[in-house]
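Open the model in your viewer and keep the selection box at hand. The tour goes from a helix to a single residue and then to the ligand.

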Amino acid sequence: MSLTPKTDRVIDRAIDLLNSNRNQEALELFGLAIAETNLKGLAYGRAVALARMGQVDEAVDTLEELLRFIPNHPKARSLLRELLPPVLSVPSIKQNNIAGLHRVTQQTQWLPSTMYPDDTYLVSYPKSGNTWVRFLLANLLKKEDEDIDFHTVHKHIPEVGSQKNLLRELKRPRLIKSHAPFINAYPKVIYLVRDGRDAYVSFYYHRQKQLSPKIDFNTYLLSEDHYPCRWGEHVLSWLREKQQTRLLVVKYEDLKNDCFSQLRRMLVFLGVNRESNRIEAAIKASSFENMKRIEAEKGRLFADQGPEVFMRKGIVGDWKSHFGSKEKRFFKSTEGQLLVELGYEKDMSW
Ligand code: A3P
């Protein structure tokens, strides 16, 4: 198809606008160019603008439509993968386990007294890096002269069960932390996942103070005593409900690997625009070493209930020094398939 010089200019301008993050204007021009030329590939620019503006559902529709015409559009495929959580089907998690979770989710501790449609919940199984993500986001939401530490972070992103006034006084749109298994009432959710084996190891050390008598890791892993449920039940409860909730899935391991991109995905989802240098500064302020220093210097809330040191190791794969053949066999028989579905393992031969 030959383009008129005028249409050419519209497309160039749309691309320029997109490159300068002027997404609303880019969106309008891409719309115009698509109407004039019927060039399907232009829908990719439209989808990028939509995604950046937090209109994830529309971006997904646009990409799916584009891929129907151009199935081999690698950028569209990769953006779609970023926007959609993985589709899961895990037979090892029994149906009745999931049903049993309803008991847990009925508890009022998971719901604040007031809900707003623009609330976003930062949800994770315990020990999946929730505090890290809260530091990252709080450093991007705070006033310039404010310091984020283990006390002030709660003011920006409090826990769902916090005192009522803390939640009531929070500026909208609110960001709230929760460990709840799937709850339909949460309007928007960033769901943070970590390799379940590492989450169990981390939780084991976290609970040392509460476990009495002291038990070894094997006994802990195989016990029924897991809050609020087993890792696999939690993860699956959220990921299989993807149609019902606006959900962005973020992996702890991806944060370790490329924090900048993952943080930008979260900002897009939240509809928050920040310059790259501010994002870099937030990453630096929330590095493991810096958070460890802040903990040592200023302490943390609820220190009496948790481990001596909250910032323990912060690494990927610590499970390898805690899982012997018995632990591996047990994990594979309960949650092993989910590791594969989530891309943590290629198959069950680990
Ligand atoms: P480890 O016990 O494996 O070290 P949560 O905040 O959800 O309770 O998660 C706690 C885990 O996240 C702990 O894992 C902690 O060390 C790790 N963590 C906290 N801040 C981190 C950071 N900046 N970088 C990497 N890991 C971090």
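**Stop 1: helix α5**

Start with the exposed residues P74 and R81, which sit on the face of α5 turned away from its buried side. Keep in mind that this is a predicted model.

Now select residues 74–83, the whole of α5. Which residues of this helix are buried? They are A76, L79, L80 and L83. Look down the helix axis. The buried residues of α5 fall within an arc of 100°, so they line one face of the helix. The general geometry is familiar: an α-helix has 3.6 residues a turn, so residues three or four places apart point the same way.

What do the buried residues of α5 pack against? Add α3 (43–52), α4 (56–69) and β4 (246–251) to the selection. These two helices and one strand are the packing partners of that buried side.

**Stop 2: N130**

Move to N130, in helix α7. Is N130 buried or exposed? Its relative accessibility is 5%, so N130 counts as buried. Buried here means under 20% relative accessible area.

Draw a distance from the side chain of N130 to the backbone oxygen of L122: it reads 3.4 Å. Then show the other contacts. Leaving aside neighbours within four places in sequence, N130 touches L122, V123, S124, K177, S178, H179 and L192.

**Stop 3: the ligand**

Select the ligand and the residues around it. How many residues surround the ligand? There are 18, and the closest are T131, S202, Y252, K313 and G314. Colour the shell by residue class: six are nonpolar, eight polar and four charged.

Next, check three polar distances.

- S202: an N or O atom in its side chain is 2.6 Å from an oxygen atom of the ligand.
- G314: a polar backbone atom lies 2.7 Å from a ligand oxygen.
- F288: a backbone N or O atom is 3.4 Å from a nitrogen atom of the ligand.

How much of the ligand does the protein cover? Taken alone, the ligand exposes 570 Å², and the protein buries 96% of that.

Finish with the elements behind the shell. Those giving two or more residues to it are α7 (130–141) and α16 (288–298). Which of the elements gives the largest share? That is α7, with three residues. The tour thus returns to the helix that holds N130.

Note on methods
Residues are numbered from 1 along each chain as its sequence is written. This is a predicted model: local features need pLDDT of at least 70, side-chain atom pairs count only at pLDDT 80 or more; totals for chains, interfaces and linings use all residues. Side-chain values use heavy atoms; hydrogens and water are left out. A residue is near a molecule or strand if one of its heavy atoms lies within 4 Å of it. A polar contact is a pair of N or O atoms within 3.5 Å; within protein, one must be able to donate a hydrogen and the other to accept it, and residues adjacent in sequence count only if both atoms are side-chain atoms. Accessible areas come from the Shrake-Rupley method with a 1.4 Å probe; for residues, only the protein chains shown count as cover. Helices (H or I, at least four residues) and strands (E, at least two) are DSSP runs, numbered from the N terminus. Ala, Val, Leu, Ile, Met, Phe, Trp, Tyr, Cys and Pro count as nonpolar, Asp, Glu, Lys and Arg as charged, and the others, Gly among them, as polar. Buried means under 20% relative accessible area, exposed over 50%, partly exposed in between (1.4 Å probe, protein chains only). The arc is that of the directions from the helix axis to the C-beta atoms. Contact means heavy atoms within 4.5 Å.
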